[in-house]
Amino acid sequence: MVSHPLARTDSTVKGEQAELQGEALAGQERILIADDDPIALRSLEHCLAGAGYTTVSVSNGQEALDALDADIQVALIDLYMPVMTGLECVQALRKQQRDVQVIVVSGEGQIKDAVSAMKAGAFEYVTKPFDSEELLVLVRQASRHARLNRNNRELLEAVGHSQTATDFATASPASVELLESIGKLSGIDSNILITGESGTGKSTIARMIHQRGPRSNGPFVAVNCAALPKDLIESELFGHAKGAFTGATNDRPGRVEIADGGTLFLDEIGDLPLELQPKLLTFLQDHTVQRIGCNKVNTVDVRVIAATHQDLRTMCQDKLFREDLFYRLNVLEIFAPPLRARVEDIPDLCANVLARISHRRQSNSFEIAPDAIELLGTHSWPGNIRELENVLERATAFCDDCRITVGDIRISESPRASDDDKASGLNQAISLAGQTLAELEKRAIQDTLTACNGNKAQSARELGISEKSIYNKIKRHSIMSPPATNRGASDQ
Amino acid sequence: MSSRESGGSDSAEWGHFDLPAFLDRVQEDREFVFELVQMFLEICDSRMRDIRSALEEGDRSGTRDAAHKLKGSLKFIHATKAAKTVEQLEQIDPASRTELAIATFSKLETEIAHLCDELARFSVSAVDR
C-alpha cells in the first residue's frame, strides 16, 4: 500500500474533485513537486491528485530543473533540499527565462527565505503542513498566470513584435502618442497615475512601464483594490504579524514589502477605502511600512503605479479620495485612450487577439473578413479592448472554417453613427433606440469630451450647456474624461 | 473508514499525535493517514540515526539540518509534542554546551519511542477496521 516517492514518479490519478475552473480541466495539467521529505512529497501528490492534477515528483532542486519540460507550468518547490535549494532553483529558472510559475513550500520560521524566493521570481509560498484548499487556490492562480505569460510570449514571438507593444504599437495617432509617453515616463522613477475607461489596457501600460524602466529586474506586484474584500485589503497590502487577528497563523509580508526593489501596481485605486488612504500616504511619503499587529517599521524601495477608471479629481472634491494622496500618486499621469478614439487600431488588435485565441485553442489561425473589420469600426466600444476581445471570442465560436464574417459578429450595443449618418439623422435614430435618456446623455458627454480632448469648457459649448452643468453631469454619470490640464507627456 | 466510525475516541486514544487535526487536513481520508503513518515509521529510525551521529561528531550544523528534516515529517503527521522538542534541538545555539543538545535529544528519543508505539497501535486498529 505504501509507495515510496523518493524516486521520480508520474502519478496520473484523477480525483473525484476534478472540476472545470472556467479554462481547463486540472487533470490536463502536470505539476512538478520537489521535496526531499517523502511524507511532504506524498502529501502534496495526494492533495493535487485529489483535485485532478497529474504530478511529477523529485527530491531536489537539480532534479526539478532536469524534470521540467514544456508541459509543466507550475512547480511546488521545497526551500531546503540537498544538492540545490529551492531558492537556487528559482534563481536558475529566472535566469533561464522559463515560463513555469513556482510556489515555494517552506517550513514555519522560514518566511524570510520564502520572501527572498518571491523576490527572485517565485509566484507565492505556502507553509508546511499546508492547507489543501489554500494550496489548490494558489496552484490554480499560478497555472492561469503561467498560461497567460506563455500565450503572451509565444504570440509576441509569432508576430515578431517586441514584448509589450502588442496592444498599442499599431496604426492610430493616439496609440503612437501613448507609446511615446510610456517610453518617456518609464525612465523617470516617479509615481505614475494611469487614467482611462475600463478595458483600455491600463494594467498592460503599467507592466510596460515597469519592463522598460530601471526596476525591470525587480518584482512587478499587482493589487486590484476593487477585487479585495475591504477587511482583507490592509493585510494584503501591508502584511500582518502572527496572531494579529483571527486566522493570522503566521507572519506574512504585504504586497508592498514583496514589491521591494520593483514596482507596486495599485489597480482601481479609486476603490481604496478612505480609512486606508492615510496608511498608503505614509508609505508614499516615508517609504516605510508597518505590518498589522507589529511594532517594527520596515523600509521599502518601491515605485508605485496606480490606475483608475474613476475621476479622482471629482472624488477629491467630494471628499471620497484624499487630495494629498492623489497628488502623491499623480506625480506623472498617463491617459489610456478609449478604443473609439483609436479605431484605426482595430485591425491590428483583431489580429493579435485572434492569434492568441487560436494559440490557446491550438486551432488553425483565425481570419477576419474586411467587411467584418469595417463593422467593428462602427461600434462605439464602451467596454473598449476587453469588449472587443469578448466579441471576437464569441465570433470564433460561431464562424466556419476559422473565417469570421459579418454574420459571426454579434455586438449587443448599437453601432456608432458616422458623421454622414448623424447629418441624416436616420441611423442615429436607429442607434439610439432602446437606450435610456440618461445613457444617451452620458454617451453624448463622453463622446464630446473625447472629441474635445477632455476640455470641459469646449465640450459644454459643443453640447449647448453651461460649464457648471457639464461638471455636474460628469459627476452624476461618473464619467472618466481625458484630463484637459496637467497632462504632461501623456497628452493625446 | 471515516473518523465518525472510530467512535469519536480519536483525541482521547492518541496523546502523541493529533489524529482529528490530521484527518481534518486530509479530508477525513483515514487510509491516507495510515499510509503516511507507515511512511513515517519507515523513515523515523534513519532520521534519528542522522541526528545522533551528527551530535556524536559534534557537527552542529549537521544536527540542525537532520533535526529540521525530522521536524517537517513530524508536522505532517501532526505529532506536535515531538515536533516541538525537535525544534528546540534545531534551535540550540551552536555556541552553547553540547550537554544541552544531548539532553534535548534524549528527551526526543523518549517522545519518539512513545509516538512510534502509538502509531503502531493506530496502524493495527486501522487494519482491524
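Biologist: How much of chain A do the buried residues make up?

Modeller: This is a predicted model, and in it buried residues make up 52% of the 492 residues in chain A. Chain A has 20 helices and 17 strands, and among its contacts with a separation of 6 or more, residues 24 or more positions apart account for 72%.

Biologist: And what about chain B, how many helices and strands there?

Modeller: Chain B has six helices and zero strands, so from the N terminus on its elements read α-α-α-α-α-α, with the helices and strands taken as DSSP runs. Buried residues make up 50% of its 129 residues, and residues 24 or more positions apart account for 65% of the contacts in chain B with a separation of 6 or more.

Biologist: OK, the interface next. How many residues does each chain bring to the contact?

Modeller: Chain B contributes 22 residues and chain A contributes 20 residues. Between them the two chains bury about 2000 Å², and 65% of that lies on carbon and sulfur atoms. On the side of chain B, Glu35(B), Met39(B) and Phe76(B) lose the most area to chain A, and together they account for 31% of what that side buries.

Biologist: How many salt bridges go across?

Modeller: The rule finds three salt bridges across the interface of chain B and chain A. A salt bridge with an N to O distance of 4.0 Å joins the side chains of Asp37(A) and Arg47(B). Across the interface of the two chains there are also four residue pairs in polar contact, with both residues at pLDDT 80 or more.

Biologist: Which helices of chain B supply that side?

Modeller: Both α3 (30-56) and α4 (60-76) of chain B supply at least two residues each to the side that touches chain A, and α3(B) gives the most, with 11 residues. By residue type, the side of chain B that touches chain A divides into eight nonpolar, five polar and nine charged residues.

Biologist: Switching topic: which residues touch the most other members in the largest nonpolar core?

Modeller: That core has 61 residues, and those touching the most other members are Leu76(A), Phe40(B), Ile51(B), Leu74(B), Leu108(B) and Ile112(B). Helix α3(B) gives the most to this core, with 12 residues. As general background, nonpolar side chains tend to be buried together in soluble globular proteins.

Biologist: Say I click on Leu108(B), what is it in contact with?

Modeller: Leaving aside neighbours within four places in sequence, Leu108(B) is in contact with Met48(B), Ile51(B), Leu70(B), Ala82(B), Thr85(B), Val86(B) and Leu89(B). There is also a second, separate core of 60 residues, which includes Leu65(A), Ile72(A), Leu280(A) and Cys316(A).

Biologist: Back to charges. How many salt bridges over all chains?

Modeller: By this rule the count comes to 27 over all chains. One of them joins the side chains of Lys119(A) and Asp260(A), at 3.6 Å, N to O. That pair links distant parts of the chain, since Lys119(A) sits in helix α4 (residues 111-119) of chain A and Asp260(A) in the loop between α9 (255-258) and β11 (263-267), 141 residues apart.

Biologist: Why do Lys119(A) and Asp260(A) count as partly exposed?

Modeller: Lys119(A) counts as partly exposed because its relative accessibility is 33%, and Asp260(A) does so because its value is 23%; the partly exposed class lies between the buried cut-off, under 20%, and the exposed one, over 50%.

Biologist: Which residue does Arg255(A) meet in a salt bridge, and where do the two sit?

Modeller: Arg255(A) meets Glu124(A), at 3.0 Å, N to O. Arg255(A) is in helix α9 of chain A and Glu124(A) in strand β6 (residues 124-127), 131 residues apart. Arg255(A) counts as buried because its relative accessibility is 19%, and Glu124(A) is buried at 6%. Both residues belong to a network of salt bridges that also links Glu236(A) and Arg252(A).

Biologist: And what does Arg291(A) pair with?

Modeller: The side chain of Arg291(A) meets that of Glu257(A) in a salt bridge, at 2.9 Å, N to O. Arg291(A) lies in the loop between β12 (288-290) and β13 (297-299) of chain A and Glu257(A) in helix α9, so the pair ties together parts that are 34 residues apart in sequence. Glu257(A) counts as buried, at 11% relative accessibility.

Methods
Residues numbered from 1 in each chain as written. Chains lettered and ligands numbered in written order. Predicted model: local features only at pLDDT ≥ 70, side-chain atom pairs only at ≥ 80, totals over all residues. Heavy atoms only, no water. Contact = heavy atoms within 4.5 Å. Buried area = accessible area lost by both parts, 1.4 Å probe. Polar contact = N/O pair within 3.5 Å; in protein donor to acceptor, adjacent residues only side chain to side chain. Helix = DSSP H or I, 4+ residues; strand = E, 2+ residues; numbered from the N terminus. Nonpolar A, V, L, I, M, F, W, Y, C, P; charged D, E, K, R; others polar. Core = buried A, V, L, I, M, F, W, Y, C linked by side-chain atoms within 4.5 Å. Buried < 20%, exposed > 50% of the residue type's maximum accessible area, 1.4 Å probe, protein only.
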